[in-house]
Amino acid sequence: MDRMDVESQQPAPPVTFTGRKTLVAAAVAVVLIAGALLIRPARTADDARPPGPSERAASAVGMGAPAAAVDLSALVADREKWVAAHPKDDASWAVLGAAYLEQARRTADTGWFPKAEKALKRSLEVRPAEKGNLDAMTGMGALANARRDYGTGKKWGELLRAQAPKRWSAYPVLVDAYAGLGDYKAAQQAMDRLLELQPGLVGYTRASQVYRDRGWREDATMAMEHAAGAAKAPAEKAYALYRLGELAWERGDTAESLRQFEASLRTDPGQAQALGGRAKALAGLGRGGEAVRDYRLALGRTPVPQLALELGELLEALGRDQEARVPYDMLGALAARDDVHGVDDDVVLGLYEADHGDPAAAVRRLSQEWARHKNMQVADALGWALHRSGEDTAALEYAKKATEPGLRSADFAYHRAMIERGLGDEAAVRRHLEEAMRTNPRFSPLRAPLAKEALAAIGQPGPGGPENLLPTRPWVAPELPKPNPPKKPKPAPPTKPKPSPSR
């Protein structure tokens, strides 16, 4: 026992490896690592490094979501370099086309559209649609909708859905195309299917659009709030906030719309659409000088005809008619540029011509547009152009097509009221002017004051209601029949007791 205690207190001899043992141990380790890799190969997600700019942009455009300007530029440069060395990579061509399309959306430079079309068609040449090039088909449908060629967008979306009914990316294309064609029932069905397959930023954004077109303002706002909550990047969040600002503006909450537009700009200073929205809200709040500044900044970043029209009308409302000619001339130049790149600006051009140019030319332009796209915006613009041309009876039919599907628009209600005034229907004029003022009393720096004046001139309806409902004699209480008293039931005859049986 003493010897065991002494040995236990002595240190253990060091472990030594001979050269042979070291080689054996290394070989065993290599075998174990190789076996582990065979069981679970390394994956891209195993990389702990955060995604780079081009990877972030590729992920965003792949989901149909907005991407940051810097990331987008990195993606374009990366894919252009790649396809130059690998011209047979159909997937990379499709990604490049989607990146060009997103660049067009962010910058409002329609010169990106031909580049996107060329890249997407190159992808389809390498791998045709019949062989399942779904990404390129999605891009072609989105490109057609961005150009407001909704008939072509519908064809691509339906082809994509036929090949892959459970592929969610077909349904945003279909929602936009059906809405642009005026088939709002089909747009809602496509939206429902999209939410089943992909209830994220893109799905909630399209849901908000469909609800807005139906006039369900609370549902539209809630869906867009869900979209903002689902955003994963500042560019996505900023876009959702911009759309929330637009919804607040349309329902007449000008202060809330300004807050949302400013929040969008704080989230992503490159969100130029929000800058144009802020200009509109500032004009509605009577801050005309700031609004003119923001409109000019927005036109410098995203030169689109709609912003040019809004700035021109604001300057007119401020009594600066000479200055208004500059944005009006810019509108024509921008529309001509867009036409070269295959973009349809007929609605905004028609409204401009109806109010500030040649109403007859507006009728011709918008009649052709109605033959292609029977949506509410075209119906409203065509009805207004017909009114400005003195054709109020025909104009009313289109005004009804614009206002009756459900969209709550102060502009639409005002246009219909003025058409009905031309037809002498004072009751309808009053009803729709009041609707315009309830919806958004600051809907236009030019037309909102005119609407208020027209409503004041009409006054209130006379007392007593319509003439055919006024009583001609004093009211006399009618003689009502006296109620019949209930009959008393006859008493039952007394019953004789039965004799008891004799014993």
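This tour proceeds from the whole chain to selected helices, cores and single residues of a predicted model.

**The whole chain**

Begin with the entire chain of 503 residues, of which 44% are buried. Colouring by secondary structure will show 25 helices and 0 strands. With the surface displayed, about 28,100 Å² is exposed, and carbon and sulfur atoms supply 57% of that area. Among contacts between residues at least 6 apart in sequence, 54% join residues at least 24 apart.

**Helix α3**

Select residues 53–62, which form helix α3, and highlight its buried residues Ala-57, Ala-60 and Val-61. These residues lie on the same side of α3, because they cover an arc of only 90° around the axis. To see what covers them, add α4 (69–85), α5 (90–107) and α13, which are among the covering elements. Following α3 comes Gly-64, with a positive phi near 70°.

**Val-173 in helix α9**

Move next to Val-173, a residue of helix α9. Is Val-173 buried or exposed? Its relative accessibility is 5%, so Val-173 counts as buried. Set aside residues up to four places away in sequence, and Val-173 touches Thr-138, Gly-141, Ala-142, Asn-145, Gly-153 and Gly-157. A distance drawn from the C-alpha of Val-173 to that of Arg-206 gives 9.9 Å, for a separation of 33 residues in sequence. Arg-206 leads to the next stop, as one of the buried residues of α11.

**Helix α11**

Select residues 201–214, the 14 residues of helix α11. At 1.5 Å a residue, α11 should span 20 Å, and its end C-alpha atoms are 20 Å apart, which agrees. This helix is largely enclosed by the rest of the structure, because 11 of its 14 residues are buried. The buried set comprises Leu-201, Val-202, Gly-203, Thr-205, Arg-206, Ala-207, Ser-208, Gln-209, Val-210, Tyr-211 and Asp-213. Which helices do the buried residues of α11 pack against? Display α9 (170–181), α10 (184–197), α12 (217–230), α13 (234–250) and α21 (376–388), against which they pack. Just after α11, locate Gly-215, which takes a positive phi of about 90°.

**The nonpolar cores**

In soluble globular proteins, nonpolar side chains tend to be buried together. Here, the largest nonpolar core has 95 residues, and the members touching the most others are Tyr-414 and Leu-433. Helix α21 contributes the largest share of this core, with 8 residues. Centre the view on Leu-433: apart from its neighbours within four places in sequence, Leu-433 is in contact with Tyr-414, Ala-417, Met-418, Ala-451, Ala-454, Leu-455 and Ile-458. Then select Leu-258, Leu-282, Ala-291 and Leu-315, which are included in a second, separate core of 29 residues.

**Glu-353 in helix α19**

The last stop is Glu-353, placed in helix α19 (residues 346–356). With the cut-off for burial at under 20% relative accessible area, Glu-353 counts as buried because its relative accessibility is 15%. Which residues beyond four places in sequence are in contact with Glu-353? Show Asp-358, Pro-359, Ala-361, Ala-362 and Arg-365, with which Glu-353 is in contact.

Conventions
Residues numbered from 1 in each chain as written. Predicted model: local features only at pLDDT ≥ 70, side-chain atom pairs only at ≥ 80, totals over all residues. Heavy atoms only, no water. Helix = DSSP H or I, 4+ residues; strand = E, 2+ residues; numbered from the N terminus. Expected span 1.5 Å × (residues − 1). Buried < 20%, exposed > 50% of the residue type's maximum accessible area, 1.4 Å probe, protein only. Contact = heavy atoms within 4.5 Å. Areas by Shrake-Rupley, 256 points an atom, 1.4 Å probe, with all protein chains shown as cover. Core = buried A, V, L, I, M, F, W, Y, C linked by side-chain atoms within 4.5 Å. Arc of directions from axis to C-beta.
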